[in-house]
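The following exercises concern pairing, enclosed space and helix packing. Each task is followed by a solution in steps.

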Amino acid sequence: MAKIWNKGFDADKSVENFTVGKDREFDLRLAKYDIMGSMAHIKMLVKIGLLKKTEEETLRLELQKILAEVEKGNFNLNTDAEDIHSQIEAMLTETLGETGKKIHSGRSRNDQVLVDLKLFFKDEIRKIKADALQLFDLLQLLSEKHRSVLLPGYTHGQIAMPSSFGLWFGAYAETLVDDMHTLVSAWRVANQNPLGSAAGYGSSFPLDREMTTRELDFETLNYNAVAAQMGRGKTERILAFSVASFASTLNKLAADNCMYLSGNYGFISYPDNLTTGSSIMPHKKNPDVWELIRAHSNRLQSLPNEIALMTTNLPHGYHRDFQLLKETLFPALEALHTLFEMTHFMLSHISVNKNILKDEKYRYLFTVEKVNELVLQGIPFREAYKQIGLEVQEGTFAFQPALNHTHAGSIGNLCTNEIRTKMENAMKGIC
């Protein structure tokens with residue numbers, strides 16, 4: 001297959017292998033979107049008179065055949081194909097002759113890949129939204145189910161004040177709302193049409209970019225052709241920040257689970273078949289799934305920095321450096337989907353310890369409650385604090401738990417519905 005940039009010579013084989021790298025592998029994921037972009041482009045070419053309607057119909061029929069093979073999983077790139085754009089154009093030319101060669105009019109591979117990536121990212125964002133909502137729903141369900149089960153809260157790693165499983169599960173649900181806001185930002189950046197920017201400086205053809213924007217269901221255009229190309233790397237970076245934000249939530253949730261499952265805590269448990277054992281210690285039940293979720297999430301949090309380092313100090317315009325972004329971001333997106341799946345699976349089988357606070361070591365958990373009780377009796381806070389502090393030092397402190405937390409977001413008022421409303425409003429930004 002001749003390169004579409006071929007001028008009578010080919011690059012050295014070692015140069016070709018190095019520059020193509022893993023691009024063929026990752027380009028397979030863009031095949032569907034490349035075809036969608038081509039269908040919109042040829043429809044526009046008919047409108048501006050660069051393609052006959054009969055030619056467009058012939059091209060569309062052939063593109064639909066290729067798309068059907070893609071959706072069946074039967075589509076592959078030839079070993080001599082440089083990328084997905086070259087492969088599809090070559091297939092059209094082989095089947096349709098001169099008509100197939102007309103599909104590239106008014107385009108560059110630069111704006112082709114930009115369109116492919118933005119359409120791909122939009123679908124990935126929709127999937128992340130669905131993943132996050134599914135986990136959000138489960139966390140809220142668990143929060144309400146275990147709303148009255150108390151557990152110790154910790155600060156500085158030390159026993160602090162009463163908390164509850166309702167608060168714990170609900171906290172992670174609300175944190176996902178914050179993550180969703182970052183995803184909406186990524187969506188807004190991805191939801192702009194770069195098609196027609198060509199190599200980054202537009203085209204002398206009278207392209208109807210508003211038409212392709214409508215055809216491809218973008219909200220708006222990247223109007224400035226130079227700015228459209230400058231979006232390569234920035235779009236990935238903003239999406240990477242969102243991936244890292246979700247990963248930070250999953251990481252902390254995994255760390256909590258590892259700690260709470262430890263024998264020194266014993267706050268939660270899982271069925272034996274969801275944990276692993278030791279090769280020499282018969283009693284061990286290791287949280288390997290949570291440990292791997294924790295580790296994978298840490299790796300994902302490095303993603304924005306990795307992308308920043310690949311794209312910093314590049315002047316405007318296209319550079320081959322951008323090709324490596326696929327090798328970094330595509331596997332990260334797959335990993336995030338898997339982490340959501342495994343987190344949901346594990347939490348679906350969690351059991352909570354309802355008798356944690358019967359352990360004597362938690363008796364000082366209620367010192368603040370006793371201080372507040374004295375304040376309500378009219379004793380100044382600092383005097384009450386000093387009095388309870390002395391009781392602790394002398395070993396005379398005693399308190400019968402009778403919690404009366406009523407303010408918004410407390411043990412007795414989880415605001416589950418209000419948090420759901422926040423999530424619903426956040427998600428409206430993605431459609």
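**Exercise 1: The enclosed space**

Helix 3 (31–47) and helix 5 (84–96) each contribute at least two residues to the lining of the largest cavity. The model is a predicted one, in which local features need pLDDT of at least 70, side-chain atom pairs count only at pLDDT 80 or more, and totals for chains, interfaces and linings use all residues. Residues are numbered from 1 along each chain as its sequence is written, and side-chain values use heavy atoms, with hydrogens and water left out.

Task: Describe the largest cavity by its volume and its lining residues.

Step 1. On a 1 Å grid over the protein atoms alone, a cavity is a set of points where a 1.4 Å probe fits but cannot get out, and lining residues have an atom within 4 Å of a point. Searching the whole structure yields one cavity of 30 Å³ or more.

Step 2. The volume of the largest cavity is about 40 Å³.

Step 3. Its lining consists of D34, S38, H85, I88, E89, I103, H104, R107 and Q112. Helix 5 gives the most, with three residues.

Step 4. By class, the lining of this cavity comprises two nonpolar, four polar and three charged residues.

**Exercise 2: The open space**

Task: Which elements give two or more residues to the lining of the largest pocket?

Step 1. A pocket is an open set of points with protein on both sides within 12 Å along at least five of seven lines. The largest pocket holds about 390 Å³ of space.

Step 2. The elements in question are strand 2 and helix 14 (367–376). Helix 14 provides the largest share, five residues.

Step 3. Of the 20 lining residues, E369, N372, L403, N404 and H405 lie nearest the centre of the pocket. The lining divides into nine nonpolar, nine polar and two charged residues.

**Exercise 3: The strand pair**

Task: How many bridges join strand 1 to strand 2?

Step 1. Strands pair if DSSP finds at least two bridges between them. Strand 1 (residues 150–155) and strand 2 (residues 158–164) run antiparallel and are joined by five bridges.

Step 2. L150 has S164 as its bridge partner, and T155 has Q158.

Step 3. The hairpin has two residues between the strands, and H156 takes a positive phi near 55°.

**Exercise 4: The helix crossing**

Task: Classify the crossing of helix 14 and helix 15.

Step 1. The axes of helix 14 and helix 15 (residues 381–394) come within 9 Å and cross at roughly 140°.

Step 2. Angles under 35 degrees count as roughly parallel, over 145 as roughly antiparallel, 65 to 115 as roughly perpendicular and the rest as oblique. Helix 14 and helix 15 are therefore oblique to each other.

Step 3. The crossing of helix 14 and helix 15 is right-handed.

Technical notes: Helix = DSSP H or I, 4+ residues; strand = E, 2+ residues; numbered from the N terminus. Points joined across faces, edges and corners; volume = space filled by probe spheres on them. Nonpolar A, V, L, I, M, F, W, Y, C, P; charged D, E, K, R; others polar. Axes fitted to C-alpha atoms, helices over the stretch in contact; angles between N-to-C directions. Left-handed = near helix turned anticlockwise from the far one by under 90°.
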